[in-house]
Structures are given as structure tokens and as C-alpha cells.
Amino acid sequence: MAVRLTKRIVDAAKPKEKDAYLWDSSLKGFGLKVTPSGRKVYLVQYRLGGRKGRTRRVTIGAHGNLTTEEARVAAKQSLGQVSIGKDPAAEIDKARADSSMSTLLEKFDEQHIKVRLKPKSQEDYTRNIRLYIQPNLGHMLVHQVSRQDVARLHHSLNDKPYVGNRVLSVLSKFFNWCEKFGYREEGKNPCRFIDKYKEKKRQRFLSGIEQDRLNEALDKANEDGVISEYAIFAIRLLSLTGARLGEILSLKWEYINWEMGTLDLPDSKTGQKSVYLNEPAKEILRTIARQVDNPYVICGAKPGKHIVNLQKSWRRIRASADLDDVRLHDLRHTFASIAVSGGMSLPLIGALLGHSQPRTTARYAHLASGPLREAVEKIGRKVDRSKN
């Protein structure tokens, strides 16, 4: 049916059992679709390549969001593009492809993750995107992702609270990035107001006996040659320095300051820092054979590279030492626990570990009960004597 579309005509249009169309008599190709639910949408229909060409339709917008005359102006613009050989529908398809979650996650990886994040964070981000975000949201357009979609994904990981929270953090950063570069409307991050799961802070420390078992397992692995000697050196250095895994694996010979007895790292999780070496750590570094044309201390299988992943070697060592619940990062916790039980202050321990925030070191405060008990007894004896 062809009639000049006006507000009165559009308002009066009634829904039918199937989609119904009204076509404008004064602007060929401009029309209105009325769905069975009563929704009214303005559209443009055109043919490419003459009479035998392909017919395409482009949605302009819903009645109510647009007036009839605003829709007519938009229709004229689209039909004007057709008259000079352009295909508005193809432009829309391209824009949708460019704004898909999959496409933008790839851009996020190239422009943010690989450029601005440290290697460990890069690994965490890409793993969460690959395993959880891409499979669940990758098929959607970025502007379509709602808070309900994010909440559904987060809830699906309620049995893995730590993982669920990390996925939520990555998504929040991603959508902030999208807003920054105009891929989503500002202030519409769908991760807002989604509460993170409570996480139980896991603290595992090796006892003296367990440390002995670990050292024995390392000695045996070295004798048997079951893992790389560089992996053994790395694990020993982690135990003796309290350094982070990435700091030891990426350690270069040029970072070692023999005169000061430090590892002067130009970059770390908390920026530039120095790791102080005790004599056993220095002895291990003196033992390591320096490879020609390899700047790294902990050499990997590839020429000129360092070991990238220590987990396989660690699993073998901890199984041999009967320490199956111990992670590599727990060696850093153990270093700190020994320092606390030895009466060292938390600020001093924080400096040794390279903590940028005092609250990070404060997690070890409860381990200081021994020194605190000894201190309070000394005070008590002093006070008691002062009464006599």
C-alpha cells in the first residue's frame, strides 16, 4: 500500500498477523514496517544493479525514537548513497563486524594488553579472554552486551570465585577501553554494580621440615637429571630471595650488582626495585654457567631465551617432596614468614619483598605472635621489677 507517510497515518497503522508494510507515495523506497506486536519501524528498500539487481532493506529507526519527518530525511540520505553506487546495508554490515566483541577483543589485545601490560598480566588477560569471555560473549556486538549478560557469565563461575572475579576485572577494563575509543556509549560499562565474590586469601608456608624435603627433592632431581638444571636454579633462587617468579625467570646477568649484593631490576610488578642477595643466593648465581649469546641467567631451551614456564618442573619437584598443595608463589610467602618469625618489622619485610603498599605486607602480621610474645614478656619483667 502506497500513501504519503505522516504522523497521523503512522499512528493509525494497526498490527496484523504478519509484518505489514506501508510505502511512501512521494519518496520511493521509504516505508514503515508494523510488526504483529505493534512495533513500528521506519526503513528504506532499494535495488542494486538495476531491475535484476539484489533488493536490500535498511532499518532507519523505531517510530517514537524518530518522528516521521526525521525518518524521511534519513531515508533521503540513504537513497542518495544508492544513487551514486554505494550500498548503505553493506556499510552497516561492515560497521557491525567492526564492533563485534571478537573483533574488538583482538584490537584490545593488540592496542592495550600487548602494549601496556607486563608479561604476567598479559598472560592472565589472554587466558581469561580465550577460556571464558570469547566463548560466551564473542558472538555479540559490543553495544548489545548488557549487565545481565555479564552477570550471567560471572554467575557461571561461582564455583571458581577467584577466576570469576578476574574475568569480571578483565571485562570491566575492556569496556572502559571501548568507551575511551568510542565503541560504546560513555558511562555504560555493563560490569558496574556486579558484586565480586568473596575470596579466601590462601597463605601456605613451608615448615622447616618441609623446606628440608624440598631441598632434598631438588638435590635428587639434580643428580638424576630429570629436569633442567636451570629450573632447579630458579626454584632455589625463589626460596632464597623471596622474589616473584617472573623476576627470576627474566633475570639478566647485567642486573646482578656483585659489589652491592643485589639484583637491580629495571622493571617489576611495582616498578624498578632491588632484590637483596644473601650468601647462599650469591653462591647459586656463581654456580650457574653463563651461556654465550644468552643474556638471561635462567636459560630456556630456545637459544637466547629464558625459561617461560616452570610449572611442569615444579609439579615434578613438589610431588617428589610430598608438597602437592604448594605453589611456586608460596616460596615467597615462606620467605616472608621466616622473616616475621625472626622478629623483623613489617616495613622491613615489605622493603625486602618490594611491596608498594603496606597493606600487602600486613597479611603476615599474624605470624609475629612469637616475637610479640617475647617482647611483651620482656616488658612485663621490666614493669614487675620496677615495683620492687
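Just after helix H9 (residues 229-241), Gly242 takes a positive phi of about 70°. This is a predicted model, and H9 is a good place to begin exploring it. From there, we visit a pair of strands and then one asparagine.

**Helix H9**
- At the N-terminal end, Ser228 caps H9, with a side-chain oxygen 3.0 Å from the backbone nitrogen of Tyr230.
- How far should the 13 residues of H9 span at 1.5 Å a residue? The expected value is 18 Å, and the end C-alpha atoms are 18 Å apart, so the two agree.
- H9 is mostly covered, as 11 of its 13 residues are buried.
- Among the buried residues are Tyr230, Phe233, Arg236 and Thr241.
- The cover over these buried residues includes helices H8 (208-224), H10 (245-249), H11 (279-287), H12 (311-320) and H13 (329-341), along with strand S7.

**Strands S6 and S7**
- Strand S6 (residues 262-265) and S7 run antiparallel, joined by 4 bridges.
- Leu263 stands opposite Val275 in S7.
- Side chains alternate along S7 (residues 273-276): Lys273 and Val275 are buried and point to one face, while Ser274 and Tyr276 point to the other and are not buried.
- In a regular strand, side chains alternate between the two faces of the sheet.

**Asn165 in helix H7**
- Asn165 belongs to helix H7 (residues 161-180).
- Is Asn165 buried or exposed? Its relative accessible area is 0%, so Asn165 is buried.
- The side chains of Asn165 and Glu199 are joined by a polar contact of 2.7 Å.
- Setting aside neighbours within four places in sequence, Asn165 is in contact with His154, Lys196, Tyr197 and Glu199.

Technical notes. Residues are numbered from 1 along each chain as its sequence is written. This is a predicted model: local features need pLDDT of at least 70, side-chain atom pairs count only at pLDDT 80 or more; totals for chains, interfaces and linings use all residues. Side-chain values use heavy atoms; hydrogens and water are left out. Helices (H or I, at least four residues) and strands (E, at least two) are DSSP runs, numbered from the N terminus. Buried means under 20% relative accessible area, exposed over 50%, partly exposed in between (1.4 Å probe, protein chains only). A polar contact is a pair of N or O atoms within 3.5 Å; within protein, one must be able to donate a hydrogen and the other to accept it, and residues adjacent in sequence count only if both atoms are side-chain atoms. Contact means heavy atoms within 4.5 Å. Two strands pair if DSSP finds at least two bridges between them. The expected span of a helix is 1.5 Å times one less than its number of residues.
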